[in-house]
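Welcome, and please load the model in your viewer. We will go from the overall fold to a couple of selected side chains.

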Amino acid sequence: MLVAQSHIDLHNIRNSIERTKKLSDNVVGIGPLGIGLDGLLTWIPGAGELYSVGAGCLLLFDGVRARAAPMVLLQMFAILAIDTLAGAAGSIGKIADVLFTGHKWAADMLLKHMEDTIYFEGTRKEAANSPEYKDVLSRIRAGKEKRRVVFLG
């Protein structure tokens, strides 16, 4: 299934995002900084760009699967494009690529967006009669919450 249909799917998507984030930008931690495959492979011609594009596409695919808002996906794409292009821009670009943790930044953005989204299993019609949905809807309408509601059905 391309898009998440259940909370189990969302859990698996979160795990995939966390795995990609750690592998890309934090395999080896050095104090507050970390370096991952993205920073290490940038020194091998072509390998860094290939890895960066692959990991970036995986994060964007996970965003689509999690039904992220188009603006979040666009922001993630911009961050990941900068990260990939930096590694292709000579020695200074490679140093910037090591220091710029674009995959981590995009992954954190997606995870925060997922945290700010309330997911209901089933269709809108199925959820409309549930007390949880009515409670969330009343809080949103009253201005007490600014959250996005997504139906997984």
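Helices (H or I, at least four residues) and strands (E, at least two) are DSSP runs, numbered from the N terminus. This is a predicted model, in which local features need pLDDT of at least 70 and side-chain atom pairs count only at pLDDT 80 or more, while totals for chains, interfaces and linings use all residues. Residues are numbered from 1 along each chain as its sequence is written, and side-chain values use heavy atoms, with hydrogens and water left out.

**Whole chain**

Start with a cartoon view of the protein: eight helices and four strands are there to find. Trace the sequence and you meet them in the pattern α-β-β-α-α-α-α-α-β-α-α-β. Along the principal axes, the C-alpha trace spans about 60 × 30 × 25 Å.

Now colour by pLDDT, the predictor's confidence in each residue, from 0 to 100. The average is 90, and 99% of the residues score at least 70. Select residues 28-30, strand β1, for the lowest mean pLDDT among the elements (76), then residues 102-115, helix α6, for the highest (96). Where pLDDT is low, the predicted coordinates should not be read in detail.

Next, switch on the surface. Its accessible area, from the Shrake-Rupley method with a 1.4 Å probe, comes to about 8,700 Å², and carbon and sulfur atoms hold 67% of that. Of the 153 residues, 40% are buried, where buried means under 20% relative accessible area (1.4 Å probe, protein chains only). Contact means heavy atoms within 4.5 Å; among contacts with a separation of 6 or more, 66% are between residues 24 or more positions apart.

**Stop one: Arg 65**

Select Arg 65, in helix α3 (residues 47-65). Is Arg 65 buried or exposed? Arg 65 counts as buried because its relative accessible area is 19%. Show its surroundings: beyond neighbours within four places in sequence, Arg 65 is in contact with Leu 2, Val 3, Ala 4, Asp 9 and Ile 13.

**Stop two: Glu 145**

Move on to Glu 145, in the loop between α8 (131-141) and β4 (148-151). With a relative accessible area of 15%, Glu 145 is buried. Which side chain does the side chain of Glu 145 join in a polar contact? Pick Arg 147: the polar contact between the two side chains is 3.4 Å. Such a contact is a pair of N or O atoms within 3.5 Å; within protein, one must be able to donate a hydrogen and the other to accept it, and residues adjacent in sequence count only if both atoms are side-chain atoms. Finally, add Ile 118, Arg 139 and Ile 140, which Glu 145 touches when residues up to four places away in sequence are not counted.

How values were computed
Buried < 20%, exposed > 50% of the residue type's maximum accessible area, 1.4 Å probe, protein only.
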